[in-house]
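Subject: Structure handover

Hi,

Here is the structure for you to take over. Please open it next to this email and follow along.

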Amino acid sequence: MTTSDADADTNADGTRPSRERAKREGMNGEGTNREGGNGRRERTNGEYVMIRALLRPVWRTLPRTALAACGGLGLLLAGTPRLLSGEPDPWLCVNLLRGAALVLGVGLAFLLDDPARHTTAPVPARRSLRTGLRMALVAPGAALWWTVALLLVPERARPPAGALTLEAAAIVATALAAASAAVRFTDRAEPGTAVATGLLLTAMTVPTLLLPERWALLVAVNDPHWDDAHERWAAILVVAALLCAVWCTEPARTWRPTAPARR
């Protein structure tokens, strides 16, 4: 063995570790890595088991009445041009589809209503998991509903599907973000009525009365600002989705006002 090899095998205190000790330490490190992998797999399997256990109770607590009523009203609005005589008006059709999207948002504002909220708060399932499961259960039906609403509009007067779908997604994301905020920052078990009312008031005042013309959201298909308006719709969708994701989680610390200290 050369001098360099001997120095490499020497500890900082001048002693040399035995080969058995080095082998044992290597085995311990491998066991630690194996335990970490098993722990991650166990957590993943536990989440799958929890999701399967939550599917049925979450499905039973969905606000079917509000969703069905708003869904029927929205389809009636979208299909109104087929009930009218004469050539369908493109401006009327695009606004009826916007109204249908707003009605869908109003229905989804009730999605997080849970009369048993205060009794289920201590369960081990995180709020983000329960909320995400509710959204996942209604997402296929909402996508199918919107497809039917688009097809109900006469083809010769139907606005661009992609642009109107972007508007509808932004409205839905705003409604879900507002509902998530109400659940996180208030003690209401069923905040859907207040959220739906706020969404309707916002839709009736902000785009038509409060926004300046250069920031208009409700523009006609042949308007030169059509693309600019939908860039703003895309920004609304991104911001609302981010806020919804943040507000779906439990707060790290619940703030409560404290009484002033007595002197």
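Below is what was found, starting with the charged pairs. One caution before that: this is a predicted model.

**Salt bridges**

The structure holds two of them. Some background: side chains of opposite charge can pair when their charged atoms come close.

The pair R98 and E167 meets through its side chains, with 2.9 Å from N to O. R98 belongs to helix α5 and E167 to helix α8, so this bridge joins distant parts of the chain, 69 residues apart. Buried or exposed? R98 has 9% relative accessibility, so it counts as buried. E167 has 2%, so E167 counts as buried too. The cut-off for buried is under 20% relative accessible area.

The other pair is R156 with E87, and their closest N and O atoms are 3.1 Å apart. This bridge also links distant parts of the chain. R156 sits in the loop between α7 and α8, while E87 sits in the loop between α4 and α5. Again the partners are 69 residues apart. Here both R156 and E87 are exposed.

**Helix α7**

Helix α7 covers residues 127-152, which makes 26 residues. How far apart should its ends be? At 1.5 Å a residue, the expected span is 38 Å. The end C-alpha atoms are 37 Å apart, which agrees with that value. The helix does bend, by about 35 degrees at A139. A proline, P140, follows within four residues.

**S180 in helix α8**

S180 lies in helix α8, which runs over residues 161-185. Its relative accessibility is 2%, so S180 counts as buried. Which residues does S180 touch, leaving out those up to four places away in sequence? The contacts are L112, M135, C244, W247 and C248. Helix α8 also carries E167, the partner of R98.

**Nonpolar surface patch**

L73, L76 and L83 form a nonpolar patch on the surface. Together they have about 320 Å² of accessible area. L83 is placed in helix α4, residues 80-83. With 65% relative accessibility, L83 counts as exposed, because the cut-off for exposed is over 50%.

**In short**

There is one salt bridge with buried partners, R98 and E167. There is another with exposed partners, R156 and E87. Helix α7 bends at A139, and its end-to-end distance still agrees with the expected span. The leucine patch is on the surface.

Over to you.

Best wishes

Terms used:
Residues numbered from 1 in each chain as written. Predicted model: local features only at pLDDT ≥ 70, side-chain atom pairs only at ≥ 80, totals over all residues. Heavy atoms only, no water. Patch = residues over 30% accessible without salt bridge, like charges linked within 9 Å, V, L, I, M, F, W, Y side chains within 5 Å. Areas by Shrake-Rupley, 256 points an atom, 1.4 Å probe, with all protein chains shown as cover. Salt bridge = Lys/Arg side-chain N within 4 Å of Asp/Glu carboxyl O. Helix = DSSP H or I, 4+ residues; strand = E, 2+ residues; numbered from the N terminus. Buried < 20%, exposed > 50% of the residue type's maximum accessible area, 1.4 Å probe, protein only. Contact = heavy atoms within 4.5 Å. Expected span 1.5 Å × (residues − 1). Bend = angle between axes of the 7 residues up to and from the residue.
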